[in-house]
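Biologist: I am new to this structure. Please take one part of it and walk me through it closely. The open sheet and what lies across it would suit me well.

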Amino acid sequence: MPLTADQKQILQSTSPIFKEHGKEITSIIYKHLFADHPELLDIFNRTNQKNGTQPFALANTMYLAIENIDDLEVLMPQFLLISHKHRASMVRPEHYPILRKYVLMAIDEFLGGMADPSILGAWSAAYNMITSCFMGIEKKLYAELGDKHEQGFIPFKIIKKEIIASGPVVAFTFERNDGGKLRDYHSGQYTTIRIKKDGLYHLRHYSLTQPFDGKTYSIAIKQDIDHEPKGIVSNELITKYKEGDTVLLSLPAGTYALVKEAKHHLFIAGGIGITVLSAMIKDLHKQGKSDMATLIHCVASEDQAAFENEMRKILPEDQYYLLLQSKHLLQGTLEKIIASETQVYICGSPVFMNKVKEYLERLAHPLSQIHIEAYLPSLSLIEDAVKNHSAVKAL
């Protein structure tokens with residue numbers, strides 16, 4: 001149902017509150033949601049809840065949607081990206097009405113329990129419009145998988161586990177336990193792994209590192225030992241799981257992809273960001289197009305350069321740059337390589353990606369030709385929407 005003129009006016013007048021305090025409000029949402037429905041934690045990355053990136057991403061999503069409520073079509077690329085993650089995590093239509101209850105509860109709580117019914121009514125109507133977009137997209141994504149069994153988490157066996165770089169960086173190869181057919185995917189997509197630890201389910205998305213071979217899925221993980229909170233799934237897989245063990249995977253998802261018809265692809269990886277980009281480079285090689293690819297891989301030391309041997313076999317010396325974290329070298333290399341037609345793909349930490357984007361802006365490279373793959377919820381990377389502060393912790 002379309003919004004009334006009065007509801008639009010209410011949203012316009014209250015959206016500045018959300019811009020200033022959106023993360024506070026969404027942290028309240030998750031705090032009450034998980035208190036009343038702890039089972040819903042099974043479809044969220046708990047680390048992203050603890051470090052605040054998920055509440056911030058939801059705040060940005062809601063604020064940007066309200067700002068564009070008359071033309072949600074402009075947000076379809078972001079909605080599609082989020083819907084792929086929802087499908088991979090098993091978000092279902094029945095979850096949206098539950099969340100709506102806590103959205104309205106949080107807005108009312110933030111306003112001191114004095115929210116006018118008309119305010120809550122306007123936000124409820126807007127929420128319904130926004131989530132109907134997500135549910136429409138996700139219905140199609142689930143249908144593409146086929147029967148119900150294919151739409152859920154499927155048991156896979158670890159058939160190979162090996163350290164491929166210091167860190168350590170560990171590569172895993174999986175095959176289906178039931179011998180079922182693997183879903184095809186394009187390079188740039190990810191699979192989602194779900195494990196059980198201390199009686200609780202935890203999940204995380206991992207980029208697929210090989211072009212589709214019809215038999216296995218492969219990923220590579222760097223052990224997270226330098227940050228708090230530590231990545232639960234990554235550390236468990238590396239320290240506790242061995243060849244022959246079973247894990248649960250959902251079939252591949254994601255919108256990150258090579259630009260068709262591009263004349264030159266430049267891949268810029270920070271550390272473990274090489275995972276998704278290596279699959280794209282291998283894909284180009286498989287197509288006989290390695291001459292169109294250039295890779296810049298920035299690492300702290302050469303022994304941390306995962307897939308170095310493979311990349312050197314695929315790419316000529318003047319198309320593979322291994323940089324030992326020198327900003328000046330990166331800037332200089334970009335100036336030498338970049339061309340007007342270059343499509344740039346970046347993956348790494350938020351700090352790394354922002355720095356690369358800054359260099360590209362100095363070179364006046366078109367924003368439409370810069371493509372980012374983030375480990376964090378993507379809308380948590382937007383810095384000029386909702387302010388990133390909250391006194392409330394979601395978990």
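Modeller: Here is the sheet, strand by strand, followed by the helices that lie across it and a look at two other helices. One caution comes first: this is a predicted model.

Start with the layout. Five strands form an open sheet in the order S9-S8-S7-S10-S11. Their pairing is parallel. Strand S9, residues 320-323, stands at one edge, and strand S11, residues 370-373, at the other. Each of these two has a single partner strand, so one of its sides has no neighbour in the sheet. On average, neighbouring strands are turned by 15° against each other, direction ignored.

Now look at the S11 edge. Strand S10 covers residues 342-347. Four bridges join S10 to S11, and the two run parallel. Here Cys347 stands opposite Glu373 in S11.

Next come the helices across the sheet. Helix H9, residues 274-286, lies across S7, S8, S10 and S11. H9 runs at about 155° to S7. Helix H12, residues 350-362, also lies across S7, S8, S10 and S11. The angle between H12 and S10 is about 160°.

H12 deserves a closer look. Its 13 residues reach 18 Å from first C-alpha to last, close to the 18 Å expected at 1.5 Å a residue. Phe352, Met353, Val356, Tyr359 and Leu360 are buried in H12. They cover an arc of only 120° around the axis, which puts them on the same side of H12. Turn to the other side of H12, and Val351, Glu361 and Arg362 are exposed. Just after H12, Ala364 takes a positive phi of about 60°.

Now compare helices elsewhere in the chain. Helix H5, residues 95-110, has 16 residues. Its end C-alpha atoms are 23 Å apart, close to the 22 Å expected. Buried residues of H5 include His95, Tyr96, Leu99 and Tyr102. Val103, Leu104, Ala106 and Ile107 are buried in H5 too. The buried residues of H5 pack against helices H1, H3, H4 and H6. Just after H5, Gly112 has a positive phi of about 75°.

H1 is one of those partners of H5. What span would a straight helix of 32 residues have? At 1.5 Å a residue, the answer is 46 Å. H1 spans only 35 Å between its end C-alpha atoms. H1 also has a kink of about 80°, centred on His21.

Note on methods. Residues are numbered from 1 along each chain as its sequence is written. This is a predicted model: local features need pLDDT of at least 70, side-chain atom pairs count only at pLDDT 80 or more; totals for chains, interfaces and linings use all residues. Side-chain values use heavy atoms; hydrogens and water are left out. The expected span of a helix is 1.5 Å times one less than its number of residues. Buried means under 20% relative accessible area, exposed over 50%, partly exposed in between (1.4 Å probe, protein chains only). Contact means heavy atoms within 4.5 Å. The bend at a residue is the angle between axes fitted to the seven residues ending there and the seven starting there. Two strands pair if DSSP finds at least two bridges between them. Axes are lines fitted to C-alpha atoms, for helices over the stretch in contact, and angles run from 0 to 180 degrees between N-to-C directions. The arc is that of the directions from the helix axis to the C-beta atoms.
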